[in-house]
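I opened this notebook to keep track of what I looked up, going from the whole chain to single residues. The entries below follow the order in which I asked.

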Amino acid sequence: MSMLTRRHLLRHAALSATAATPAGAALSATTTAAVAGATLSGCQPGDPADHTATASSPATRLPFPPDFGWGAATSAYQIEGAAKEDGRGESVWDTFSRTPGRTRNGDTGDVAADHYHRYAEDLDLMRDLGLRSYRFSISWPRIQPDGTGAANQRGLDFYRRLVDGLHERGIAPMATLFHWDLPQSLQDVGGWESRDVAHRFAEYADIVFAALGDRVPVWLTINEPKTVVQNGYLTGHHAPGRQDPDAAYLVAHHLQLAHGLAVRALRANSGAGRIGPAFNLHPCYPADDSAEAAEATRLYDGYENRLYLDSAFKGSYPDDVLADLGPNSRMVRGIRDGDLEIISAPVDLLAVQYYTPIYVTASGGTVRRWPTSEASWQQIYPDGMYDILTRVTRDYGPMPLTVTENGLPTPDVLADDGTVEDTGRVAFLRDHLAAAHRAITDGVPLESFHVWSLLDNFEWAEGYDQRWGLIYVDYPTQRRILKRSAHWYRQVITTNTL
């Protein structure tokens, strides 16, 4: 591993979408210098300053394809609660969040938004919003409490009820198999550092496919493997809370292997559903027009994007990343014959999650170029949505794409009149949807868009301090209140225009 990468490896992790910053970290709210004349290296075509996503006036509505899948997204640990009910086992996030000092205010997902008990109410809210697609995740420890063995029928029954309720309301289910809640029992025997866990994941996937495969049209395998690598094994801000760079990229390989094994399991099950990975992708731009910045950006992009995209869609890891890691790294030594063939098993679609761009300096560091949200790692740059969608289509072929996460936290307050005026979220979504529309116009086969998130929820290491939802959750009472953004989104869905 080069000194450049050693010096800045932890900076990679700090910029991960959904990354948590330490309690008390300062937030930037001002725009720094513009990126005039910057060129891209290893990322998106064109100059990042060449285009801007703008809101459309009523006279210039932007129409989306007639069958466009308007949706919203959640994940199991962030909303379900019922952490010790109906046979659910412990997950790494139960352990992490209950460890003093790991999460803001010591918050846990023990209750969260109580979706496990209130799912029918939440399904009615989805119907009232007009959602056509709902992306959720299945809790592995709710299906296999210890990560192995026979299925917990009460856990499977919950997801059957959820999926049936979606169909009854005309909403297409999109199920994610793994959204970070690894069974603690598997962590105790090595977690994702253990190759065996990838095979245990395939067995779990097989159980879920057999139970729900005929009712779920779209499956996603691993949610944001990069975030597990960077936040779980580099910065330690997420479960399992490690700071071990050499372990981190072995974990990356095993997560990719688990993805491929799950794809094979669905095919072996003769599942009719489509399947693909869910990657959080960050467009990387040079911070200046120097050759050194371009070179550093290329490598940075390798760790952020190509490590995952190339292995899944080209059957190889990027040569520059492997060279940077070095032949003695645990990842390089952990790659076995046939692994890349498994990882690159043909998929039906790619789920893209976009939150922020990254600007890379000649020394391999990063700088901010745009205002940030309440999440200090998130620069608000709608054109990054266009850039990443067109880049994926250009570099990996015109496969069907779905945006499965896009959103931001805003300082939402429940007013005395029972309203929540999150106008900042409306502006953010409007501008990012305009960028997505422009990508569709330019030939990107984008078939659906899911706002993160449907509900306010447990935001990992940030606990309940950050609110990301279209729907406000009053945690003491668990009352749900539609925010201004929810009413706005309902109108977008109703008219199928922006």
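These entries cover the chain as a whole, then its aromatic rings, its pocket and cavities, and one loop serine.

**Entry 1: the whole chain**

I note at the outset that I am working from a predicted model. I looked up the secondary structure and found 17 helices and 13 strands in the protein chain. I then asked for burial, and of the 498 residues in the chain 63% come out as buried. For the contacts with a separation of 6 or more, I recorded that 77% are between residues 24 or more positions apart. The accessible surface of the protein chain is about 16700 Å², and carbon and sulfur atoms hold 51% of that area.

**Entry 2: aromatic rings**

How many aromatic pairs does a search of the whole structure find? The search returned 36 of them, and I picked out one for a closer look. The ring centres of Phe-178 and Phe-201 are 6.4 Å apart with the planes at 80°, and since an angle over 60 degrees counts as edge-to-face, I entered the pair as edge-to-face. This pair links distant parts of the chain, as Phe-178 belongs to strand 3 (residues 172-178) and Phe-201 to helix 8 (residues 195-212), with their positions 23 residues apart. Buried or exposed, I asked of Phe-178? Phe-178 is buried, at a relative accessible area of 1%, and for Phe-201, also buried, I wrote down 0%.

I also followed ring pairs from residue to residue, and found that they link Tyr-77, Trp-93, Phe-96, Trp-180, Phe-458, Trp-460, Tyr-464 and Tyr-475 into a cluster.

**Entry 3: charges over rings**

I next looked for charged ends placed over rings and noted two cases. The charged end of Arg-438 sits over the ring of Tyr-386, at 4.1 Å from the ring centre, while that of Arg-467 sits over the ring of Tyr-472, 4.0 Å from the centre.

**Entry 4: the second largest pocket**

For the second largest pocket I recorded a volume of about 150 Å³. Its lining consists of Asp-67, Gly-69, Arg-132, Ser-133, Ala-172, Pro-173, Met-174, Pro-217, Val-218, Arg-274, Glu-447 and Ser-448. Sorting these by element, I found that strand 3 and strand 11 (446-452) are the ones that give two or more residues to this lining. The largest share, 3 residues, comes from strand 3, the strand that also holds Phe-178 of the edge-to-face pair.

**Entry 5: cavities**

I counted the cavities of 30 Å³ or more and the structure holds 4. The largest cavity has a volume of about 110 Å³, and among the 13 residues that line this cavity, those nearest its centre are Val-92, Trp-180, Val-228, Ala-239 and Pro-240. Trp-180 is a residue I had already listed in the ring cluster. Helix 3 (92-97) and helix 9 (225-233) are the elements that give two or more residues to the lining. Which element gives the most to the lining of the largest cavity? I found helix 9 to be the answer, with 3 residues.

**Entry 6: Ser-75**

Finally I looked up Ser-75, which is found in the loop between strand 1 (69-73) and helix 2 (76-79). Ser-75 is buried, with a relative accessible area of 1%. With neighbours within four places in sequence left aside, the contacts of Ser-75 are Ser-137, His-179, Trp-452 and Trp-460. I note that Trp-460 is also a member of the ring cluster of my second entry.

Note on methods:
Residues are numbered from 1 along each chain as its sequence is written. This is a predicted model: local features need pLDDT of at least 70, side-chain atom pairs count only at pLDDT 80 or more; totals for chains, interfaces and linings use all residues. Side-chain values use heavy atoms; hydrogens and water are left out. Helices (H or I, at least four residues) and strands (E, at least two) are DSSP runs, numbered from the N terminus. Buried means under 20% relative accessible area, exposed over 50%, partly exposed in between (1.4 Å probe, protein chains only). Contact means heavy atoms within 4.5 Å. Accessible areas come from the Shrake-Rupley method with a 1.4 Å probe; for residues, only the protein chains shown count as cover. Rings of Phe, Tyr and Trp (its six-membered ring) pair if their centres lie within 6.5 Å; planes under 30 degrees apart count as stacked, over 60 as edge-to-face and the rest as tilted. A charge sits over a ring if NZ of Lys or CZ of Arg is within 6 Å of the ring centre and within 35 degrees of the ring normal. On a 1 Å grid over the protein atoms alone, a cavity is a set of points where a 1.4 Å probe fits but cannot get out, and a pocket is an open set with protein on both sides within 12 Å along at least five of seven lines; lining residues have an atom within 4 Å of a point. Grid points are joined across faces, edges and corners, and a volume is the space filled by probe spheres set on the points.
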